[in-house]
Amino acid sequence: MRMDGVGKVFAGGVTALSGMNLRVATGEFVSLLGPSGCGKSTALRLIAGLMQPTTGKVSWQGKHDSGDLGVVFQEPTLMPWATVEKNVWLPLRLRGESLPDARPRIAQALEMVGLGSFANAYPRELSGGMKMRVSIARALVTQPRLILMDEPFAALDEITRNKMNDDLLALRDRLGCTVIFVTHSVFESVYLSDRIVVMAPRPGRVAEELTVPAPRRDEEFRTSADYAAQCRAVSAALSRATGDA
Amino acid sequence: MTEALDTEETARLRRARAERIGRWLMPALTIVAALVIWDRIVVWNQIPHYILPGPGLVAQTLVKDWAILGPATWVTLKIAMMALSVAVIGGVGLAVIFSLSRWAEMSFYPFAVVLQVTPVVAIAPLIFIYVENRTVGLLLCAWIVAFFPILSNTSLGLRSVDRNLADLYHIYGASRWQRLIHLQLPSALPYFLGGLRIAGGLSLIGAVVAEYVAGTAGIGTGLAFRILEAGYRLNIPRMFAALALIAALGVLIFAVLSLISHLALRHWHESALKRES
Ligand SMILES: Nc1ncnc2c1ncn2[C@@H]1O[C@H](COP(=O)(O)OP(=O)(O)O)[C@@H](O)[C@H]1O
Ligand SMILES: [Mg+2]
C-alpha cells in the first residue's frame, strides 16, 4: 500500500493532511504516532476508503477488495442488539454466508482473542477490554491481509493494554498480516511496531520515520535498556515534530 | 466492621423489598381511597344516581349491562387495534421510504405534519361524508391520529445509527438493503417502540373521537356510541360504566405495548435493563 502526496481538506476548510507519503510493505507492523488532531484517524479513513483524498492518491499493489481489510476503531463499535457471535459474524454475513457455515471461523476468531466461551453473551455483559477483543475478533474473522487499528487500546487501563499488546503481537505472528496501528502512546508504538511514522500537526503530515529493531518483543524487551533508549529516541522525534509545527 | 456492613446490607435489602411492594401497593391504595371518597360524597350528600352514581352502582351497571357494553368494548378495541396495525405498517413503511429517499421525505413529510397538526375532530366529519363504510371511516380517523408518532420516532431511529458502525458496514461492502435490515432497523427499534406506546393510546382516542363524530347516524355499536346513547337517555350510571371500560382499555393497551417493548429490548437496551445496585 502506498500513499503519494495525499492531502485532505475538510468542508469547513480544515486541512487535516497535506502531502503525506507513506509506504507499507506486506507483513509490516507500522505505527502512526502523533498528538491528537494531527490527522492520524483521517489517514486511516483514507486508507480504508471511507473517504477520498483531496489531493494525491492511495494505491495498492496487487488486487484488493473489502475482504482483505479488517478495521478496529477506538471504540469497540459492536451492535448492542446482537450477541458476540453475531457481531463477529457481521463481515461474513454481509458477504452472504449463513451463520452455520460461518460458525467454525467465528469460533476460531473468538478462540484467538480468548473469548471462546462468550459467544452468546451480549456486548453489555462484557468489560471494556473484552468488547475490544470482540472487535478484534470481528476484524480477524475474514483473515484479512491488512488490519487497520485506530487507537484501539486508548481507553483501556495499562494492565489490560499491556496484555492486549502481547496478544496482538501473538495473533499477528500467527496470521502474518500487515498492521497499520494508530496510537498516541510512544511506549505502545515502540513495543509493537517494526516501523514508527511520527506525524506532525497543523497541517497533518509525516515528520519522521524510525525503524524499531527488536529481537523479541516480550516482557524482557519491555523492561530492557534498549527499549527505554528507543522510547527516548521516539519521544525526541515526537517533540521535534510537535515543536516545529 | 463486617457487622456495620451487614446492617447496612440488610437495610438496603429491606428498602429494596419495601420499594418492590410499594410499587403495587401505593397505586392500589390511592385508587381504593379515591373510590371510598367518591362513594362517601355520594352517600353523605344524598346525590341522586341520575346526577352522580356511586362507584358501587357503576360496578353493578357494568355487570348488569355487560350484554350491551361487552360487545361495544370489543368493537372499540378492534377498531383501535386495527388502526394501530395500519399505523405501524404505514408509519414504519413511510419512515423507511423517507430514509431511502431524501426526495420522498422532502415531498411528503409536510403532508404527514399537516395530518398530524389538524385535529381529527375537524377532519372526521369530512371523512364520513366521503367514506361510505363506517368501519373504514373509523379506521381512517384512528389511523390519522396514531401513525405520526410511529413515523417520526422511526425516522429519528433510522437516522440515529452509530457512525462507526455505519463506516464498518461501508468497509465490508454492505448493500443499501443490508444496511437497512441489519443496521438501521435494529437501531431504530427502541425509538419505534417508544412511538408505538404513544400511538397505542392515540389509536384508542382516535377510535373514540371518530365514533362520536360518526354519531348515531350509522349502526353504532362501540363504547363511545354507547356513551352518547346513554347520555340521551340520562342513563348516567351506564355512561360511567362505559367510561371506566374505555379507561381500562387504554391501560390494557399501554400495559401490553410496554410488555412487548420490554421483551424486545431486555437484552441490550438501557431502558429495559434491570439495574443491579
Ligand atoms: N469530518 C470532519 N470534518 C471536519 N474536520 C474534521 C473531520 N474529521 C477530522 N477533522 C479535523 O481534522 C483534523 C485531524 O483529525 P483526526 O484525523 O481525527 O486526528 P487524530 O486522529 O490524529 O486525533 C482535526 O483538526 C479535526 O478537527
Ligand atoms: Mg483519532
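**Surroundings of ligand 1 and selected sites in chains A and B**

In this predicted model, an oxygen atom of ligand 1 is placed 2.6 Å from an N or O atom belonging to the side chain of Ser41(A). The protein covers 60% of the 560 Å² of accessible area that ligand 1 has on its own. Backbone atoms also approach the ligand: an N or O atom of the Gly37(A) backbone lies 2.6 Å from an oxygen atom of ligand 1, and a backbone N or O atom of Lys40(A) is found 2.9 Å from an oxygen atom of ligand 1. The shell around ligand 1 is made up of Phe10(A), Val14(A), Ala16(A), Pro35(A), Ser36(A), Gly37(A), Cys38(A), Gly39(A), Lys40(A), Ser41(A) and Thr42(A). By residue class, this shell divides into five nonpolar, five polar and one charged. Helix H1 of chain A, which spans residues 40–48, contributes three residues, the largest share of the shell.

Ser41(A) also takes part in a contact within the protein, since its side chain is joined to that of Asp150(A) by a polar contact of 2.8 Å. Asp150(A) belongs to strand E6 of chain A, which comprises residues 146–150. With a relative accessible area of 10%, Asp150(A) falls under the 20% limit and is therefore classed as buried. Leaving aside residues up to four places away in sequence, Asp150(A) touches Ser41(A), Leu44(A), Val72(A), Phe73(A), Gln74(A) and Val182(A). By contrast with these contacts, the C-alpha atom of Glu125(A), a residue 25 positions from Asp150(A) along the chain, is separated from that of Asp150(A) by 24 Å.

A second buried site is Thr77(A), which lies in the loop of chain A between strand E5 (69–72) and helix H2 (84–93). The relative accessible area of Thr77(A) is 8%, and the residue is accordingly counted as buried. A polar atom of the Thr77(A) side chain lies 2.9 Å from the backbone oxygen of Glu75(A). When residues up to four places away in sequence are not counted, Thr77(A) touches Arg138(A) in chain A, together with Asp162(B), Asn164(B), Leu165(B) and Leu168(B) in chain B.

Backbone geometry is considered next. Most residues other than glycine have a negative phi. Gln143(A), however, is a residue other than glycine with a positive phi, near 50 degrees. Gln143(A) is placed in the loop between helix H4 (128–140) and strand E6 of chain A, and with a relative accessible area of 48% Gln143(A) is partly exposed. In chain B, Gln46(B) likewise is not a glycine, yet has a positive phi of about 50 degrees. Gln46(B) occupies the loop between helix H1 (2–44) and helix H2 (55–64) of chain B, and its relative accessibility of 68%, being over 50%, means that the residue counts as exposed.

A further positive phi, of about 45 degrees, is found at Arg202(A), in the turn of a hairpin that E8(A) and E9(A) form with four residues between them. Strand E8 of chain A covers residues 195–200 and strand E9 of chain A covers residues 205–211; the two run antiparallel and are joined by six bridges. Within this pairing, Arg195(A) stands opposite Thr211(A) in E9(A).

Note on methods: Residues are numbered from 1 along each chain as its sequence is written. Chains are lettered from A and ligands numbered from 1 in the order in which they are written. This is a predicted model: local features need pLDDT of at least 70, side-chain atom pairs count only at pLDDT 80 or more; totals for chains, interfaces and linings use all residues. Side-chain values use heavy atoms; hydrogens and water are left out. Buried means under 20% relative accessible area, exposed over 50%, partly exposed in between (1.4 Å probe, protein chains only). Contact means heavy atoms within 4.5 Å. A polar contact is a pair of N or O atoms within 3.5 Å; within protein, one must be able to donate a hydrogen and the other to accept it, and residues adjacent in sequence count only if both atoms are side-chain atoms. A residue is near a molecule or strand if one of its heavy atoms lies within 4 Å of it. Accessible areas come from the Shrake-Rupley method with a 1.4 Å probe; for residues, only the protein chains shown count as cover. Ala, Val, Leu, Ile, Met, Phe, Trp, Tyr, Cys and Pro count as nonpolar, Asp, Glu, Lys and Arg as charged, and the others, Gly among them, as polar. Two strands pair if DSSP finds at least two bridges between them.
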